[in-house]
Amino acid sequence: MGDQERKPDLYTVIDDDNIAWMHLDRQGSGTNVLSATVLERFYDELLDITERSPRGLVILSDKKNGFVAGADVGEFTLLGNHYEALTAIQRGQEVFDRLAALPFPSVALIHGFCLGGGLEMALACRYRIARDDPGTRLGLPEVRLGIHPGFGGSVRLTPLVGALHAMDLMLSGRTVDGRSAKRMGVVDYAVPERDLKTAARSLIMDPPFPHQPTKLQALSNHALVRPLLAHVFCRQVRKKARRDHYPAPYALIELWKQHAENERAMMHAEAESVAELITGPTAQNLIRVFLLQEQLKALGRQSGFRARRVHVIGAGVMGGDIAAWCASRGLQVTLEDQSPERIAPAMKRAYRLFKRRFKRTRPVQEAMDRLMPDHKGLGVERADVVIEAIFENADAKRALYAGLEPRMQEGALLATNTSSIPLQELRSGLARPERLVGLHFFNPVAKMQLVEIVRDAETDPEVVARATAFTRTIDRLPLPVTSTPGFLVNRILLPYLLEAVELENEGVPPAEIDRAAVNFGMPMGPIELADTVGLDICLHVGDILAQHLGGEVPQRLRDLVQQGRLGRKSGEGFYRYKKGKPVKQRARKDYRPAADIADRMVLRMLNEVVACLREKVVDDADHLDAGMVYGTGFAPFRGGPLHYIETEGEDTLLERLRDLESRYGPRFEPDAGWGDIAGFRSNEPDNET
Ligand code: NAI
């Protein structure tokens with residue numbers, strides 16, 4: 001190896017073949033991200049390297065987890081106006097243009113994450129090589145932050161692989177592994193770890209003609225074809241996201257349709273478009289939600305606890321899926337129930353999950369090997385975490401703990417998945433009551449990222465820290481909450497669901513109720529959601545909340561449960577189900593929905609948000625927004641319910657709530673916390689319940 005000069009964030013080694021190897025290694029972080037400073041250093045380095053006239057340049061990362069994870073999203077919030085945004089984006093384009101214009105061959109050597117700005121950097125290289133393993137993920141996930149690629153990514157990807165592949169990646173934001181990227185043409189080679197450097201070296205020593213799209217791919221960018229394809233793309237996007245809620249995918253399609261054959265014009269328009277989007281409310285709110293997610297993730301780093309063995313008791317809907325999820329994340333899991341027959345259905349579901357996640361036979365088999373049916377409960381003694389998910393009955397749970405506790409390891413976690421019983425009631429028989437913590441998963445476990453970490457004043461903070469770290473180990477988002485009825489998410493969601501039931505009872509067609517909620521930005525309407533959760537479960541949670549917090553559960557819900565109409569699982573609830581899908585009747589042509597449908601549902605939810613804030617169910621007001629977005633899918637482009645209150649204006653919403661109270665009665669009575677939201681926000685965290 002020849003000379004080497006270490007600089008912050010990156011350094012270059014020129015070897016005996018005169019190949020420059022530029023190593024990206026951001027200081028003070030385990031991940032490479034492209035902050036403005038890193039970009040400048042990268043630019044300077046390119047100038048230095050060019051002066052030394054190497055035979056070629058290979059860009060690689062020294063980070064274990066990957067190449068480059070993208071831009072520094074935190075910096076997006078600092079862009080005050082369109083002009084500042086445009087300047088920053090154009091500078092990024094200049095930097096990558098410089099890379100693309102190097103007079104010698106360049107190779108991006110990719111392992112692990114290669115996302116957003118990272119992939120745009122790679123696309124500006126002449127060649128790309130990816131490591132061939134499932135851990136290598138390439139993608140342009142910008143749409144998820146309300147923008148689209150801005151550093152030349154959309155301009156370079158479409159001609160490289162054709163509009164179909166390029167738009168598929170950019171509009172969905174999904175990631176692909178090295179092998180799929182190779183198939184699409186995004187990378188030139190996908191090779192095993194041991195061959196990465198040799199492959200890069202041979203590309204530089206004997207550079208082939210750069211990758212070209214197939215004729216059909218090239219045709220997809222033709223001026224005559226674009227309007228037609230653009231129409232198809234728009235139609236697909238419309239099924240998933242409304243233009244007024246999520247403008248970015250539509251802007252991207254338009255950009256490509258207008259300029260795909262003129263690289264310079266497209267660069268210019270790309271920068272303008274992203275500058276416009278990034279300073280708009282949708283992107284700013286989605287960025288906020290992304291950063292909140294990072295905050296929740298960081299909570300898990302406060303403890304060094306690393307669980308390896310998990311024992312789950314109760315192989316029902318929840319326990320079975322929790323066990324499967326843990327096994328899919330690499331943990332050794334034992335799953336207990338009263339008999340092998342009760343465990344069998346959970347094993348079948350686990351197999352389906354593994355097949356969906358891993359696709360290839362070997363990892364599926366390995367995951368199955370990690371998940372052991374254990375009706376005798378032998379796994380308890382060796383488990384680092386014991387999760388109880390038996391039916392919702394305090395006596396049964398207490399009796400179970402009495403048998404469990406003496407057999408558990410000293411430092412093992414004892415967690416309950418209860419959705420409604422206060423910890424206080426459950427821990428009474430324990431020798432070490434402070435060790436009980438709630439790990440409240442949501443249904444379906446594999447889909448819902450959030451886990452509420454439930455504690456009260458008696459819970460040992462170290463136990464809470466361990467439970468939080470465990471949640472990260474299995475790649476879920478921990479949300480610390482106090483042990484109040486319904487915790488946070490169900491408590492806030494329920495009034496919204498119950499108001500939907502009231503509306504339905506008044507004769508508003510269920511499909512109209514759902515439509516109003518979806519128009520507000522919810523992923524699924526409340527009626528369909530209630531049917532999906534199960535009306536018996538809604539009634540159960542409703543009764544518990546009514547008992548502790550007052551209010552009434554509509555008789556209509558009780559009647560449906562009594563008739564055995566439990567929702568999707570029984571084939572009929574509010575809707576009838578055909579092959580698992582609700583049959584939604586169209587409203588009569590002359591039907592005119594009342595103007596306040598959405599307001600009635602949403603304001604009841606917001607009223608509960610204020611109550612939870614006042615009662616400090618969460619330590620940090622922002623956690624409430626994160627919890628509702630990740631626990632219920634609350635309109636992410638609105639930045640969370642609390643942020644929505646602040647954007648709309650507390651006084652305006654309070655007035656609307658009072659108006660609803662005067663028309664519909666005390667269930668709309670404003671909580672005492674209205675008028676002081678800023679006060680709750682600035683309060684110090686308080687761990688007492
Ligand atoms: P489930 O009724 O589907 O499953 C419970 C399982 O526990 C059954 O297979 C039963 O045989 C087993 N079981 C009962 N007593 C046992 C014992 N002593 N030892 C071993 N196994 C025993 O119940 P589900 O819906 O999975 O709920 C479990 C817990 O999760 C409850 O506390 C519930 O409140 C909570 N929860 C449920 C959610 C849901 O959507 N279903 C969501 C979040 C939490």
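A polar contact is a pair of N or O atoms within 3.5 Å; within protein, one atom must be able to donate a hydrogen and the other to accept it. In this predicted model, the side chains of H148 and S273 make such a contact, at 2.7 Å. H148 is found in the loop between β9 (137–139) and α5 (153–161). Its relative accessible area is 1%. Buried means under 20%, so H148 counts as buried. Leaving aside neighbours within four places in sequence, H148 is in contact with E142, A248, A251, L252, L255, E270, S273, V274 and L277. The polar partner S273 is thus one of the residues in this list.

A second loop residue, S220, was examined in the same way. S220 sits between α9 (215–219) and α10 (226–240). The residue is buried, at 7% relative accessible area. A polar atom of the S220 side chain lies 2.4 Å from the backbone oxygen of Q217. Beyond the neighbours within four places in sequence, S220 is in contact with G162, A163, L164, V225, R226, L229 and W256.

The ligand was considered next. There are 21 residues around the ligand, and D337, R342, E392, K397 and S419 come nearest. The shell divides into nine nonpolar, eight polar and four charged residues. An oxygen atom of the ligand is 2.7 Å from an N or O atom in the side chain of K397. Backbone atoms also take part in such pairs. A polar backbone atom of V317 is 3.1 Å from an oxygen atom of the ligand. For a polar backbone atom of I390, the distance to a ligand oxygen is 3.3 Å. On its own, the ligand has 840 Å² of accessible area, and the protein covers 81% of this. Three elements give two or more residues to the shell: α14 (317–328), α17 (394–404) and β17 (436–441).

Helix α27 spans residues 641–648. Its residues P641, L642, Y644 and I645 are buried. Seen down the axis of α27, the buried residues fall within an arc of 160°, so they line one face of the helix. These buried residues pack against α21 (510–520), α25 (597–614), α26 (621–632), α28 (650–664) and α29 (677–682). G649 follows α27 and has a positive phi, near 105°.

Backbone geometry was then considered at other sites. Most residues other than glycine have a negative phi, and most peptide bonds are trans. N18 has a positive phi of about 65° although it is not a glycine. N18 lies in the loop between β2 (9–14) and β3 (19–25). At 31% relative accessibility, N18 counts as partly exposed. F487 is not a glycine either, and its phi is positive, near 50°. The place of F487 is in the loop between β19 (477–482) and α20 (489–505). F487 is buried, with a relative accessible area of 2%. A cis peptide bond joins N443 to P444, with omega near 0°. P444 belongs to the loop between β17 and β18 (450–455). The strand β17 also gives two or more residues to the shell around the ligand.

Two further buried residues belong to regular elements. M121 is found in helix α4, residues 117–123. M121 is buried, with a relative accessible area of 0%. Not counting neighbours within four places in sequence, M121 is in contact with L24, L34, F42, I59, F67, F96 and L99. The C-alpha atoms of M121 and G92 are separated by 9.7 Å, and the two residues are 29 residues apart along the chain.

P478 is found in strand β19. P478 too is buried, at 0% relative accessible area. P478 touches L296, L299, V451, I453, T468, T471 and R472, when residues up to four places away in sequence are not counted. P478 and H623 are 145 residues apart along the chain. Their C-alpha atoms are separated by 9.9 Å.

Notes. Residues are numbered from 1 along each chain as its sequence is written. This is a predicted model: local features need pLDDT of at least 70, side-chain atom pairs count only at pLDDT 80 or more; totals for chains, interfaces and linings use all residues. Side-chain values use heavy atoms; hydrogens and water are left out. A residue is near a molecule or strand if one of its heavy atoms lies within 4 Å of it. Accessible areas come from the Shrake-Rupley method with a 1.4 Å probe; for residues, only the protein chains shown count as cover. Helices (H or I, at least four residues) and strands (E, at least two) are DSSP runs, numbered from the N terminus. Ala, Val, Leu, Ile, Met, Phe, Trp, Tyr, Cys and Pro count as nonpolar, Asp, Glu, Lys and Arg as charged, and the others, Gly among them, as polar. Buried means under 20% relative accessible area, exposed over 50%, partly exposed in between (1.4 Å probe, protein chains only). Contact means heavy atoms within 4.5 Å. The arc is that of the directions from the helix axis to the C-beta atoms.
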